[in-house]
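Trainee: Hi! Could you walk me through this one before I set anything up?
Mentor: Happy to, let's put it on screen.

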Amino acid sequence: MKEARLQRHIPVFRVIFTELGRFVRLKRQWQSNVLRASSSGAGDGLPYFMPVISELSMTASSQLSHPLRSQRLNQITHEPHSHLDNLVKSHDPFGSPERFSHFVAAQYLFQRDLEKLYNDPQLIKLVPDLPQRCRVEQAALDLADLQRALPEGDDSIRNKAMGIGEALAWLFVSEGSKLGAAFLLKRMPALGLSETFGARHLGEPEGGRAQGWKAFTAVLDSVELDAEQERLAEAAAIAAFERFTVHLERCFA
Ligand code: HEM
């Protein structure tokens, strides 16, 4: 009798233990992400910058709890980044140099969008090496290596008036993409490409990726913004991912 009652409860215990295990795993993963994100990281041993908080089913507004702006932008762009990452892979960009050239064309258009921001005197006061960080020239040279014409861009982002928060958020997405570039670069030898031919825009920035990122986020985190500017910065980070997605779809079409 007692045994039969116990038997009936087994599925309930199983669910409880499975859920508990899942919760503990997510919590551990989240803690290690936060720890790694707050460390400087180095070279290819990049910290994982995107906490899995969204996996804990938190809403966008409740995610914005981190004291650092760079971390808040990481959090709200976690979804768009995963989406973009999957989209890039779905286009098989490493299938051949020709396929990779579509990806480079999207990178070129995105860097072209931001070229003026990278050369903005006000922003250079905050980030002195900003002009050297732009990769529009490298992307153009890569396209020449790959024998692909420069795609024609529009000026909607280049000519957009932006406040400091928005500008830094667009640059955050571009600078952040250099972290993923380290992983993409590893696929290049199989295509006969490298950071000196066809994949220059993925190359290690002077001074190192981790150092460049740390210096940029230090500025991003130190600028004072009011609530409205903060909101605009967050919207701009999402808009930057959307813009890259549009370029990607256009270049692979
Ligand atoms: C237009 C913007 C971006 C593009 C096109 C992009 C693209 C990618 C791609 C395709 C990967 C996968 C590489 C692989 O697994 O082989 C990746 C990984 C990565 N990206 Fe991005 N990314 C962008 C923005 C960002 C931003 C803003 C950050 C940081 C704030 C970032 C940080 C990373 C990191 C750390 C990885 C390494 C693997 C991982 O943790 O998923 N990326 N990125």
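Mentor: We'll go through the fold, the core, the ligand shell and a few individual residues, and keep in mind that this is a predicted model.

Trainee: How many helices and strands does the protein have?
Mentor: There are eleven helices and zero strands. Along the sequence the pattern is therefore simply α-α-α-α-α-α-α-α-α-α-α, with helices counted from the N terminus.

Trainee: What share of the residues is buried?
Mentor: Buried residues account for 29% of the 253 residues in the protein.

Trainee: And how far apart in sequence are the contacting residues?
Mentor: Take the contacts between residues at least 6 apart in sequence: 73% of them join residues at least 24 apart.

Trainee: Let's talk about the core. Which residues in the largest nonpolar core touch the most other members?
Mentor: Those are A169, W170, F172 and A237, out of 38 residues in that core. Helices α5, α8, α9, α10 and α11 each supply at least two residues of this core.

Trainee: Which helix gives the most to it?
Mentor: That's α5, with eleven residues.

Trainee: What does W170 touch, leaving out residues up to four places away in sequence?
Mentor: W170 touches L114, L117, A236 and A240. L114 and L117 fall within α5, which covers residues 97-118, while A236 and A240 fall within α11, residues 227-252.

Trainee: OK, changing topic: the ligand. How many residues surround it, and which are the closest?
Mentor: The ligand has 19 residues around it, and the closest are G176, S177, G180, F183 and F244.

Trainee: Which helix gives the most to that shell?
Mentor: α9 does, with eight residues. Both α4 and α9 supply at least two residues each.

Trainee: What's the breakdown by class?
Mentor: Twelve of the shell residues are nonpolar, six are polar and one is charged.

Trainee: You mentioned α4. How many residues does it have, and how far does it reach?
Mentor: α4 runs over residues 78-90, so 13 residues, and it reaches 18 Å from its first C-alpha to its last. That is close to the 18 Å expected at 1.5 Å a residue.

Trainee: What follows it?
Mentor: α4 is followed by D92, whose phi is positive. The value is about 50 degrees, although D92 is not a glycine. D92 is found in the loop between α4 and α5.

Trainee: Is D92 buried or exposed?
Mentor: In between: D92 has 13 other C-beta atoms within 10 Å, so it counts as partly exposed.

Trainee: Where is Q147, which also has a positive phi?
Mentor: Q147 lies in the loop between α8 and α9. Its phi is about 55 degrees, and it is not a glycine. Q147 has 10 other C-beta atoms within 10 Å, so it is exposed.

Trainee: Back to the helices. How does the span of α10 compare with what its residues should give?
Mentor: It agrees: at 1.5 Å a residue, the 14 residues of α10 should span 20 Å, and its end C-alpha atoms are 20 Å apart.

Trainee: Which residues of α10 are buried?
Mentor: R209, A210, G212, W213, F216, T217 and L220. Seen down the axis of α10, the buried residues fall within an arc of 155 degrees, so they line one face of the helix.

Trainee: What do they pack against, and what's on the other side?
Mentor: The buried residues of α10 pack against α3 and α9. On the other side of α10, A218 and S222 are exposed.

Trainee: Last one: what does G163 touch, not counting residues up to four places away in sequence?
Mentor: G163 touches Q229 and L232. G163 lies in the loop between α8 and α9, whereas Q229 is in helix α11. Q229 and G163 are 66 residues apart in sequence, yet 7.4 Å apart in space, C-alpha to C-alpha.

Trainee: Are those two buried or exposed?
Mentor: Neither extreme. G163 counts as partly exposed because it has 15 C-beta neighbours inside 10 Å. Q229 is partly exposed too, with 16 C-beta neighbours inside 10 Å.

Trainee: And what else is Q229 in contact with?
Mentor: Besides G163, Q229 is in contact with G165, leaving aside neighbours within four places in sequence.

Technical notes: Residues numbered from 1 in each chain as written. Predicted model: local features only at pLDDT ≥ 70, side-chain atom pairs only at ≥ 80, totals over all residues. Helix = DSSP H or I, 4+ residues; strand = E, 2+ residues; numbered from the N terminus. Expected span 1.5 Å × (residues − 1). Near = placed C-beta within 6 Å. Nonpolar A, V, L, I, M, F, W, Y, C, P; charged D, E, K, R; others polar. Buried ≥ 20, exposed ≤ 12 C-beta atoms within 10 Å, placed from the backbone. Contact = placed C-beta atoms within 7 Å. Core = buried A, V, L, I, M, F, W, Y, C linked by C-beta atoms within 7 Å. Arc of directions from axis to C-beta.
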